[in-house]
Amino acid sequence: MAKKWGQRIRNWMTQKMDLPQDVMMDLPRVTMIGQIHIYIENHRGLLAFSDRELRLLLKQGQLIVKGKAFVIKTIMPEEILLEGKIDQVIYINDNPGGS
Amino acid sequence: MKNQWSAIFTGTTKVKVSGRGIERFLNQLTRSGISIWNVKRHGAEAITFQMGLKDINQLRGPARTSKCKIRFIERAGGPFFLKKLWTNSGFLLGGAAFLAVIIILSNMVWGIEINGASPATEHKIRKELSQLGVEKGKLQFTVEGVDEIQRDLTDNIKALTWVGVELQGTTYHLQVVEKKEPEKPEVLKPQNLVAKKKALVVKMFVEEGEPAVELNEYVRPGQLLVSGTIGKEDETKSVPARGEILGETWYKTHVDLPLNSTFKVFSGKEKRNYYLGTGGKDLKVWGFGKHQFKQSETESNQNPIKIFKWELPLSVKKETIREREVVVRIYSEKQAVQVAKELARRDIKSRLPEDAIIKGEKILHQSIENDKVKLITYFRIIEDIAAGQPITQGDE
């Protein structure tokens, strides 16, 4: 319950005070350059990596990037730069059935 | 996002990780602050990535806790490059030696060419040059500058009127103009001989012309001595009057000589410093330590280093510090008078032509005041007082 309250207050504050949402709400910030680069900030760790799929843990849920010939150019605790041919970016919400 | 290019200097390595839970292992790595890049998947159970050499030690912790196998498969960057260089240092040494030899050879004197000199003079010049240290095989830094060589040659070789010294690459080119001993100018134009200064005629030797004065006659400056117009009144002819008219002339000299005087002289002790300079900055390469001279004078000259015919932006500077001493000279009164007389004689000689004779001298005044000898000397001189004066048409 307390977590939910905190979430609500944050939501309200960002709306009222016009703050950037990624800062306040710990959302990932995804920058894509065409199909070739994807830059994801604010992730919570690597879950799976192959040359066709990248799976990242977020604060809420997961992010899946699908494509071909993936190479992680840089990886830092909260940032990742992926190179390759990106076909899809998929969000998976935190539901009880998820991983 | 950081760039990894700086890791090239500190060294990088390529790591192959195989096993299960590779992703977890990567997460551990990034959380402990290791930066990795170029992560690639190789099949189901292996990935490769690159990391900086400085983070290798931190790899140990995560590697223990995970069940992955780690192998280093490639090394690159600074330290490895240096290691490779060290094993191949022979090549590097060879290259450096080659460059050094080229530079040394480019800065040697390889030839001395002398143009416009007769064999005798050329021999003299070569001898003088070798005394100066300008010889084949000498380094140009040890040789004095072109201007000094030029000055020295013109000073020391009488037969030279002018010598142009030029350094072209590694060869000295000397352009020589020899002195032609002037032949007696043939006097062709009619002229008179007149007196140059006030004198008493003591000897006359007339080659041509008609004497206008007699022995023991006083003459004024400009007075006609030998006339170039000869013949009877009706048939006069103008000839170039020639001859030597010796006259007694008088000079007065004043000499002031202080009894005590101080001089600055070099003691002969010197210290040499060598610098390697580039772009206005100098780096001392030889001659460390301070000189012990109380007073000194510094002379420095700079030589650019050349490679083939081009000058490098490097130069060698030689600095010579010479010790200077102050010497006090004290004359006794007697000595001072003696020296003053000598000075007076030297003074009068410098004012007279070479063939003049001092016939007598007389001290008119001698006093010692304020530590100074004052001497006025009177000289009687025998010298040629004749000077040519052309007879122009319509003058008569």
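Helix axes are lines fitted to C-alpha atoms over the stretch in contact, and angles run from 0 to 180 degrees between N-to-C directions. The model used here is predicted.

**Exercise 1**

Determine how helices α6(B) and α7(B) are oriented to each other.

*Solution.* Step one: locate the helices. In chain B, α6 covers residues 119-132 and α7 covers residues 146-156. Step two: take the geometry. The two pack at an angle of about 130 degrees, and their axes lie 11 Å apart. Step three: apply the cut-offs. Angles over 145 degrees count as roughly antiparallel, 65 to 115 as roughly perpendicular. The angle of about 130 degrees falls in neither class, so α6(B) and α7(B) are oblique. Step four: add the hand. This crossing is right-handed.

**Exercise 2**

List the residues that make the contact between α6(B) and α7(B), then sort them by character.

*Solution.* Step one: α6(B) supplies I125(B), E128(B), L129(B) and L132(B). Step two: α7(B) supplies I149(B), D152(B), L153(B) and N156(B). Step three: sort them. Five are nonpolar, one is polar and two are charged.

**Exercise 3**

Place A69(A) in chain A, and decide whether A69(A) is buried or exposed.

*Solution.* Step one: A69(A) sits in strand β5, residues 62-76 of chain A. Step two: check the backbone. Most residues other than glycine have a negative phi. A69(A) is not a glycine, yet its phi is positive, about 50 degrees. Step three: exposed means over 50% relative accessible area. A69(A) has 55% relative accessibility, so A69(A) counts as exposed.

**Exercise 4**

Do likewise for N370(B).

*Solution.* Step one: N370(B) lies in the chain B loop between β20 (357-369) and β21 (372-384). Step two: its phi is positive, near 50 degrees, and N370(B) is not a glycine. Step three: relative accessibility is 76%, so N370(B) counts as exposed.

How values were computed
Residues numbered from 1 in each chain as written. Chains lettered and ligands numbered in written order. Predicted model: local features only at pLDDT ≥ 70, side-chain atom pairs only at ≥ 80, totals over all residues. Heavy atoms only, no water. Helix = DSSP H or I, 4+ residues; strand = E, 2+ residues; numbered from the N terminus. Parallel < 35°, antiparallel > 145°, perpendicular 65-115°, else oblique. Left-handed = near helix turned anticlockwise from the far one by under 90°. Contact = heavy atoms within 4.5 Å. Nonpolar A, V, L, I, M, F, W, Y, C, P; charged D, E, K, R; others polar. Buried < 20%, exposed > 50% of the residue type's maximum accessible area, 1.4 Å probe, protein only.
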